[in-house]
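Welcome, and please have your viewer ready. We will go from one selection to the next, with a short note on what is there at each stop.

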Amino acid sequence: MSSLLIRQARLVPVGGVAAPAGTLDLRVVGGRVTEIAPNLRAGSTGRTGGTDGVDEVLDADGRWLVPGLWDQHVHLGQWAANSSRLDLSSTTSPDDAVRVVAAEIAARAGGARDTVVQGFGHRTAGWDRQPTVAELDAVAGDVPVVLISGDAHHGWLSSAALRLLGLPRREGVVEENDWFPVFARLDEVTQTAEGKRTAYAKVLDAAVRRGVVGVREMEWADNATEWAQRSDSGLAVLRVRTATYAVGLAETIADGRRSGDVLDEAGLVTMGPLKIISDGSLNTRTAFCHDPYIGTDVLEHPHGRPNNSPEELAELLAEATAHGLDVAVHAIGDAAVGVALDSFERTGARGSIEHAQLVATEDVARMGRLGVVASVQPAHLLDDRDVTFQCWPDRADRCFPLRSMLDAGVRLALGSDAPVAPLDPWEAMAAAVHRTADERDEWNAAETLTVEQALAGSVDGATTVGVGSPGDLVLLDADPLGGPSRGPEAAARLRAMRVAATVVAGVTTRDAF
């Protein structure tokens with residue numbers, strides 16, 4: 001059995017577990033750290049007995065070692081596809097977005113004019129009117145146009161795109177439960193198999209270069225099957241926990257897949273949770289709230305709306321629990337969080353609230369009592385600050401209550417929701433320790449995390465690297481704890497962090513020095 005020997009590394013304390021001072025050598029065998037001591041001898045597996053006589057040696061040269069980083073909420077297919085989509089994140093009106101589309105179509109020539117135009121990033125909650133199909137048609141004609149909102153909760157489609165995707169005519173956007181199945185089928189009409197593989201390879205390489213050793217994959221797809229195939233074909237280079245949605249629950253149960261089951265030969269792909277999208281989002285103004293949105297008298301659902309009844313939600317949680325599956329319940333509005341916690345309490349389900357963006361004070365404590373994980377995306381607070389004060393000014397003080405949840409005993413699991421935010425754990429940590437992206441004071445500064453807390457929320461529950469730790473490790477050029485624990489300096493240090501090497505299951509996937 002081959003092994004990895006890391007020489008002269010400094011261990012960073014994580015999760016409240018002290019780290020020894022000075023530099024040490026570490027040996028990783030069979031995907032686990034088996035020895036930590038000064039001056040380990042190469043070519044010996046020590047306590048494990050038996051060796052092929054060969055160690056891969058990685059000289060850390062005094063760099064800092066932390067457990068591997070995880071992004072606990074990604075849509076990798078959509079993140080991969082984003083590289084070929086128009087960037088609409090800076091648009092401030094339907095007219096702005098239409099101008100970008102018109103320029104793209106005008107720039108195309110020949111057969112390219114017939115391919116689907118995709119865009120991503122517009123946020124309609126801040127616009128003074130809602131977009132229409134007709135205004136896209138005026139510039140697109142027979143060219144299919146699909147514009148995906150920045151929160152991925154609706155699509156603004158031209159008539160040609162509606163026809164291509166088998167949708168009926170409509171005047172406005174396609175949102176929530178009508179949209180998600182369409183979103184899942186986009187790559188069928190926009191990507192070749194080879195193009196899709198290339199796009200995945202690119203984003204996976206970028207992820208390990210930022211120290212990511214694992215993700216929870218929330219893509220709208222048959223994730224378990226597709227990721228096992230990707231791994232067996234050599235594409236998987238990091239760990240993937242694959243979610244299923246309700247539409248795939250019966251098949252998952254019939255196949256006997258339970259959360260934690262290994263799905264591939266390499267042991268990198270495992271079954272994850274049942275994912276349920278219980279409400280909408282702030283930017284689509286569909287997140288389900290106790291109080292109505294401000295200044296939205298024209299909304300059909302002024303409180304937002306749930307995507308499931310409480311009974312339906314509880315039935316899904318009970319069925320998943322009975323068959324060994326964790327659950328991941330998307331809940332952004334405070335009413336949705338409350339209903340989700342009711343279902344957790346009623347069924348004894350195990351799992352997470354995804355996003356937990358707006359939470360009632362009493363539900364923060366209830367999450368802690370129930371042991372429900374808060375799977376949160378701190379970078380969203382930078383994007384959602386202005387629209388929050390437009391739509392939820394009366395409850396802005398309860399948004400992204402990261403420190404309150406931690407103080408209530410809630411485990412935080414940080415992520416990105418890529419492509420909604422970049423797949424970059426350092427950006428997520430930076431937003432958590434300094435809650436502003438401009439010259440304004442921090443938004444809800446009392447909810448700021450320390451660097452230590454943000455790091456602990458980014459390593460999938462791991463603590464300071466020790467004997468028995470998984471061989472999922474990251475070497476850093478600087479000490480992440482080497483400076484202020486909050487504020488702008490801390491955020492700048494995290495954003496500038498350079499990853500020297502990423503190790504997954506004892507195999508070096510990134511070696512930059």
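Start by selecting helix α2 (residues 94-107) and helix α3 (residues 133-140), which pack at an angle of about 25° with their axes 9 Å apart. That angle makes α2 roughly parallel to α3 (angles under 35 degrees count as roughly parallel, over 145 as roughly antiparallel, 65 to 115 as roughly perpendicular and the rest as oblique). Axes here are lines fitted to C-alpha atoms, for helices over the stretch in contact, and angles run from 0 to 180 degrees between N-to-C directions. Helices (H or I, at least four residues) and strands (E, at least two) are DSSP runs, numbered from the N terminus.

Before moving on, a word on the model: it is predicted, local features need pLDDT of at least 70, side-chain atom pairs count only at pLDDT 80 or more, and totals for chains, interfaces and linings use all residues. Residues are numbered from 1 along each chain as its sequence is written, and side-chain values use heavy atoms, with hydrogens and water left out.

Now show the side chains between these two helices. P94, D95, V98, V101, A102 and I105 in α2 meet E135, L136, V139 and A140 in α3, where contact means heavy atoms within 4.5 Å. The residues of this contact of α2 with α3 are eight nonpolar, no polar and two charged (Ala, Val, Leu, Ile, Met, Phe, Trp, Tyr, Cys and Pro count as nonpolar, Asp, Glu, Lys and Arg as charged, and the others, Gly among them, as polar).

Keep α3 selected and add strands β9 and β10 (154-157): α3 lies across both, running at about 45° to β10. These strands belong to an open sheet of five with mixed pairing, in the order β7-β8-β9-β10-β11; strands pair if DSSP finds at least two bridges between them. Its edge strands are β7 (86-87) and β11 (174-175), each pairing on one side only. Inside the sheet, β8 (residues 117-122) and β9 (residues 145-149) run parallel, joined by five bridges. To see one of these partners, pick V117 and look for V145 in β9.

Next, bring up the second sheet: eight strands, open, with parallel pairing, in the order β6-β12-β13-β14-β15-β16-β17-β18. β6 (69-74) and β18 (412-414) stand at the edges with a single partner strand each, so one side of each has no neighbour in the sheet. From one strand to the next, the twist averages 25°. β6 and β12 pair in the parallel sense over four bridges, and the bridge partner of W70 in β12 is G214. Helix α9 (residues 310-322) packs on this sheet, touching β14 (269-277) and β15 (327-331), with its direction at about 165° to that of β14. α14 also packs on the sheet; α14 touches β6, β12 and β18, and its direction makes about 85° with that of β6.

Stay with α14 (residues 425-433) and add helix α16 (residues 487-495): their axes come within 8 Å and cross at roughly 180°. That makes the two roughly antiparallel. Select W426, E427, M429, A430, A431 and V433 of α14 with G487, A490, A491, L494 and R495 of α16 to display the contact. By class, the contact of α14 with α16 has eight nonpolar, one polar and two charged residues.
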